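Hello,

Here is the structure I promised to pass on to you. Please open it first and have a look around, then read my notes below.

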Amino acid sequence: MATINDNYLKLKAGYLFPEIARRVNTFAEAHPEAPIIKLGIGDVTEPLPEACIQAMSKAVAEMGDRSTFKGYGPEQGYAWLREKIATQDFQGRGCDIDASEIFISDGSKCDSGNILDIFGNNNTIAVTDPVYPVYVDTNVMAGNTGAVNEKGEYEGLVYLPITAKNNFTAEIPTQKVDLIYLCFPNNPTGATATKEYLQTWVNYAKAHNAIILFDAAYEAFITDGSLPHSIYEVEGARECAIEFRSFSKNAGFTGTRCALSVIPKTLKGKAADGSDVELWKLWNRRHSTKFNGVSYIVQRGAEAVYSEEGKAQVKRLIEFYLENAKIICSQLQAAGLTVYGGVNAPYVWVQTPTGLSSWDFFDKLLQNCNIVGTPGSGFGAAGEGYFRISSFNSRENVNEAMKRITEKLKF
Ligand code: MLT
């Protein structure tokens with residue numbers, strides 16, 4: 001019989017969101033009449049921007065015509081898309097990033113997991129607590145951790161607590177780590193990072209030859225002009241950071257699939273023989289061996305995000321979800337709850353009322369208000385006592401959800 005990757009057996013029972021879906025389905029089966037509103041998983045609800053729809057329709061027509069038909073595209077993505085990203089997302093913000101350092105992919109979740117393919121198994125890895133579970137689970141799968149303890153922490157990982165006390169921004173570790181996952185605007189807490197704060201991480205990473213894996217999937221939600229959108233706005237980041245970005249949350253591509261990773265050519269890792277190796281080369285090799293590129297149609301849709309109409313339409317989508325977040329924050333505060341995030345970020349991080357654990361609060365909201373959120377403890381031990389509410393939904397559902405909470409629950 002074939003043997004398996006035993007690391008999978010170390011994983012906690014279910015990935016957080018399927019586990020929530022399982023509980024919600026059980027509730028819905030028992031209460032088929034319950035008008036459930038889902039503010040759990042951060043999945044967009046609003047239709048694609050018109051500019052993207054038009055670009056993709058045109059691309060479909062091209063694929064249906066022998067003279068414009070396309071087969072395999074470049075694994076790294078079409079040059080016309082990479083150029084637009086390089087000039088508008090990066091160079092336009094003063095970041096020294098070249099189109100050849102951008103790799104188009106089908107998702108930041110996939111990229112943040114797949115990136116481990118190019119790193120060794122002997123790195124010390126730091127994650128925040130709470131954290132986007134993909135960073136942890138993919139390290140478990142790759143064999144970079146030991147067993148899980150009763151708190152849900154994996155042996156071998158360095159957990160950096162993020163709480164109200166440190167404004168949900170991790171303190172620089174006192175020990176040496178090799179890989180650090182940072183996510184800003186943060187999933188799940190909605191916290192943001194200043195340029196000065198990111199500079200302290202870049203300084204740390206350079207001093208310790210560490211690599212920062214910077215997840216900027218929610219950068220489009222930054223409206224405060226003083227906050228950086230990219231780690232490359234920080235001096236020295238080209239020597240120590242990889243950045244992940246996505247079209248999922250700005251242009252509503254969660255079901256369309258398009259994202260990108262930036263690997264500067266100046267970024268190096270150590271080989272077993274002690275030599276320095278360009279990470280770009282390894283990722284290029286990995287990408288072109290294990291991936292055949294995002295579809296032409298979808299890349300044309302992503303390109304339209306950079307047109308004048310596309311930019312205006314994306315801005316309206318972001319404003320729409322940010323207004324939802326504002327409504328959620330003000331209504332929950334009115335209900336007596338303490339809330340964080342929800343400004344420059346689509347997630348609202350709610351402190352659960354005294355005496356209620358994250359899962360107790362999940363059950364209370366589901367049973368009393370038929371509302372689904374995400375228990376903070378699902379993002380890590382330090383997330384206990386918190387609850388995440390996503391602003392990705394229709395205005396009607398957000399208003400209705402907040403009405404139910406303010407009318408039915410008193411804290
Ligand atoms: C979330 O709810 O945390 C997001 O949907 C995660 C993701 O985009 O994969």
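**Strands around β8**

Ile 102 stands opposite Val 262 in β8. Please keep in mind throughout that this is a predicted model.

The pairing of Ile 102 with Val 262 is part of a wider pattern: β2 and β8 run antiparallel and are joined by 4 bridges. On β7, Glu 243 also stands opposite Val 262, and here too 4 bridges join the strands, with β7 and β8 running antiparallel.

Which way do the residues of β8 point? Ala 259 and Ser 261 point one way, while Leu 260 and Val 262 point the other way. This fits a general rule: in a regular strand, side chains alternate between the two faces of the sheet. In β8, all four of these residues are buried.

**Helix α3**

Next, find helix α3, which covers residues 79–90. Its 12 residues, at 1.5 Å each, should span 16 Å, and the C-alpha atoms at its ends are 15 Å apart, so the two values agree.

Which residues of α3 are buried? They are Leu 81, Arg 82, Ile 85, Ala 86, Asp 89 and Phe 90. These residues cover an arc of only 135° around the axis, which means that they sit on the same side of α3. The general background is that an α-helix has 3.6 residues a turn, so residues three or four places apart point the same way.

What covers the buried residues of α3? The cover includes β2 (102–105), β7 (241–246) and β8 (259–262), the strands you have just met, as well as α8 (296–303).

**A look at Leu 182**

Now move to strand β5 (residues 179–183), where you will find Leu 182. Leu 182 is buried, because its relative accessible area is 1%, and the cut-off for buried is under 20%. Apart from neighbours within four places in sequence, Leu 182 is in contact with Leu 198, Trp 201, Ile 212, Leu 213, Phe 214 and Asp 215. You can also check the C-alpha distance from Leu 182 to Tyr 135: 9.9 Å in space, for two residues that are 47 residues apart in sequence.

**The two domains**

Finally, zoom out. The protein chain is divided into domain 1 (12–46 + 309–408) and domain 2 (52–307). Taken over C-alpha atoms, their centres are separated by 25 Å. Domain 1 gives 31 residues to the contact and domain 2 gives 40 residues. About 2,900 Å² is buried between domain 1 and domain 2, with carbon and sulfur atoms giving 62% of that area.

Enjoy exploring!

Best wishes

Technical notes:
Residues numbered from 1 in each chain as written. Predicted model: local features only at pLDDT ≥ 70, side-chain atom pairs only at ≥ 80, totals over all residues. Heavy atoms only, no water. Helix = DSSP H or I, 4+ residues; strand = E, 2+ residues; numbered from the N terminus. Expected span 1.5 Å × (residues − 1). Buried < 20%, exposed > 50% of the residue type's maximum accessible area, 1.4 Å probe, protein only. Arc of directions from axis to C-beta. Contact = heavy atoms within 4.5 Å. Pairing = 2+ DSSP bridges. Domains from an automatic or database assignment. Buried area = accessible area lost by both parts, 1.4 Å probe.
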